[in-house]
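Please open the structure in your viewer with the sequence alongside, and keep a selection tool at hand. The tour below moves from one selection to the next and says what is to be found at each stop.

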Amino acid sequence: MRAIEALAPGGPDVLRLVELPDPEPGPSDVLVRVAAAGVNFIDTYRRSGLYPMRVPHVVGSEGAGVVVAVGSDVAEVAVGDRVAWSSAHGSYAELVVVAAQDTLPVPDDVDDATAAALPLQGMTAHYLVASTFPVTPGQDVLVHAGAGGVGLLLTQLAVARGARVLTTVGTPEKEELSRAAGASDVIRYTELADVTVDLPARVRELTGGAGVHTVFDGVGRSTFEASLASLRPRGGLALFGGASGPVPPIDPQRLNSGGSLYLTRPTLAHYTATREELLWRAGELFSAVAAGGLDVRIGAAYPLAEAADAHRALEGRATTGKVLLLP
């Protein structure tokens with residue numbers, strides 16, 4: 001099979017298209033022919049060495065496709081089933097082994113590209129609004145990178161729960177996408193002289209001086225202080241990513257002085273810890289897509305051989321919505 005390997009820790013140039021033996025599923029696994037693979041920031045963290053990995057390793061953890069073989073102990077998944085997944089290492093490939101318990105059944109009325117685009121970013125957005133800081137009617141929430149893959153889904157899910165959503169974006173084109181997803185107010189951080197000072201001031205202006213109930217921040221270093229300063233007393237900051245880099249250590253007294261604030265660094269694995277929870281989150285998302293209540297934007301789709309270009313675009317913030325690789 002063809003696959004994309006990271007030959008060493010580093011930039012996108014370490015990615016290479018290689019030929020590897022076809023993998024074989026273990027007793028509790030399934031083998032899937034990949035129709036599309038999702039490209040995510042966590043892939044770039046693993047490629048760069050920020051999250052240490054053995055090298056070489058086949059990159060990617062998300063995708064969708066058709067089951068072509070099942071392990072001897074698998075009963076709930078059959079050959080020919082369409083499935084998606086968010087946590088199978090080696091998904092930038094024509095074939096991938098997925099633990100049967102991690103597969104998500106794909107409804108007939110959801111296409112392959114949407115099925116591949118939804119698991120990681122969709123379930124991230126779902127756990128943030130449904131479980132980490134449950135969004136309720138009448139709340140004000142701030143979503144950073146509002147035109148990104150998670151940002152567009154977060155906005156739609158929060159609006160559906162009755163919240164007023166403020167977002168940050170970098171360009172007029174991204175502002176248009178964010179507003180189309182339901183954002184009431186969009187702040188272009190590129191037009192602010194000092195994000196740390198000016199962004200919270202703008203948020204408070206839009207909320208009558210109160211600040212927002214919750215900030216969903218997947219950007220990290222460049223927005224973290226502004227996120228804390230944008231919260232009202234007893235508000236919560238969910239730092240779920242670090243696209244601009246890791247956040248420096250924080251003194252807990254900062255949370256006190258900000259108004260008894262809450263800070264968490266959640267991750268998807270802890271919010272899909274059981275098969276039941278995994279299927280609940282995915283089921284709600286796929287049902288919303290099938291019913292026309294959730295739009296999944298595919299911002300770009302690259303051939304498998306152009307994985308390095310996909311990583312450059314993602315890290316350069318040149319993308320909107322979801323980025324896919326097509327084997």
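In which strand is the place of R234? Select strand 13, residues 231–239, and R234 will be found within that strand. The model is a predicted one, and in it R234 has a positive phi of about 65° although this residue is not a glycine. R234 is also exposed, its relative accessible area being 67%.

**The whole chain**

Zoom out to the full protein, in which 11 helices and 16 strands can be coloured separately. The radius of gyration is 20 Å, close to the 20 Å that the globule rule gives for 327 residues, so the protein is as compact as a globular protein of that length. Aligned along the principal axes, the C-alpha atoms fill a box of roughly 60 × 40 × 35 Å. If you colour by accessibility, 51% of the 327 residues count as buried, while a surface representation would show an accessible surface of about 13500 Å², 53% of which belongs to carbon and sulfur atoms. Among contacts with a separation of 6 or more, 67% are made by residues 24 or more positions apart. Colouring by charge picks out 25 positive and 36 negative charges, whose mean positions lie 7 Å apart.

**The largest nonpolar core**

Nonpolar side chains tend to be buried together in soluble globular proteins. Here, select L118, L154, F216 and F286, which touch the most other members of the largest nonpolar core, a set of 40 residues. Helix 2 (112–117), helix 3 (119–132), strand 9 (140–143), helix 4 (149–160), helix 9 (268–271) and helix 10 (275–290) each supply at least two residues of this core. Helix 3 gives the largest share, six residues.

Centre the view on L154 and display what surrounds this residue: leaving aside neighbours within four places in sequence, L154 is in contact with A125, L128, V129, V143, F216 and F240. A second, separate core, made up of 29 residues, can then be picked up through V14, V30, W85 and A100, which are included in that core.

**Helix 4 and the loop before it**

Select G151, which has its place in helix 4 and counts as buried at 4% relative accessibility. Not counting residues up to four places away in sequence, G151 touches V143, A145 and G146. For a longer line across the model, draw the C-alpha to C-alpha distance from G151 to E205, which is 22 Å for a separation of 54 residues in sequence.

Move next to A145, in the loop between strand 9 and helix 4. A145 is not a glycine, yet has a positive phi of about 55°, and at 39% relative accessibility this residue counts as partly exposed.

**Strand 5**

Is V67 buried or exposed? Select strand 5, residues 62–70, where V67 is found; at 1% relative accessibility, V67 counts as buried. Leaving aside neighbours within four places in sequence, its contacts are V30, L31, V32, V77, A78, V79, G80, D81 and V83. One of these, V32, lies 35 residues away in sequence, with its C-alpha atom 4.3 Å from that of V67.

**Helix 11 and its cover**

Select helix 11, residues 307–315, and within this helix mark A307, A308, A310, H311, A313 and L314, which are buried. What covers these buried residues includes strand 1 (2–6), strand 2 (15–19), strand 3 (29–39), helix 1 (41–48), strand 15 (298–303) and strand 16 (322–326). Following helix 11 is R317, with a positive phi near 55°.

**Two loops to finish**

Which peptide bond is cis, with omega near -5°? The bond to select is the one from V55 to P56, and P56 is found in the loop between helix 1 and strand 4 (57–58).

The last stop is T267, placed in the loop between strand 14 (262–264) and helix 9. T267 is partly exposed, with a relative accessible area of 36%. A line drawn from its C-alpha atom to that of V96, 171 residues apart along the chain, spans 23 Å.

Technical notes
Residues numbered from 1 in each chain as written. Predicted model: local features only at pLDDT ≥ 70, side-chain atom pairs only at ≥ 80, totals over all residues. Heavy atoms only, no water. Helix = DSSP H or I, 4+ residues; strand = E, 2+ residues; numbered from the N terminus. Rg over C-alpha atoms; globule rule 2.2 N^0.38 Å. Buried < 20%, exposed > 50% of the residue type's maximum accessible area, 1.4 Å probe, protein only. Contact = heavy atoms within 4.5 Å. Areas by Shrake-Rupley, 256 points an atom, 1.4 Å probe, with all protein chains shown as cover. Lys, Arg positive; Asp, Glu negative; His and termini not counted. Charge placed at Lys NZ, Arg CZ, Asp CG, Glu CD. Core = buried A, V, L, I, M, F, W, Y, C linked by side-chain atoms within 4.5 Å.
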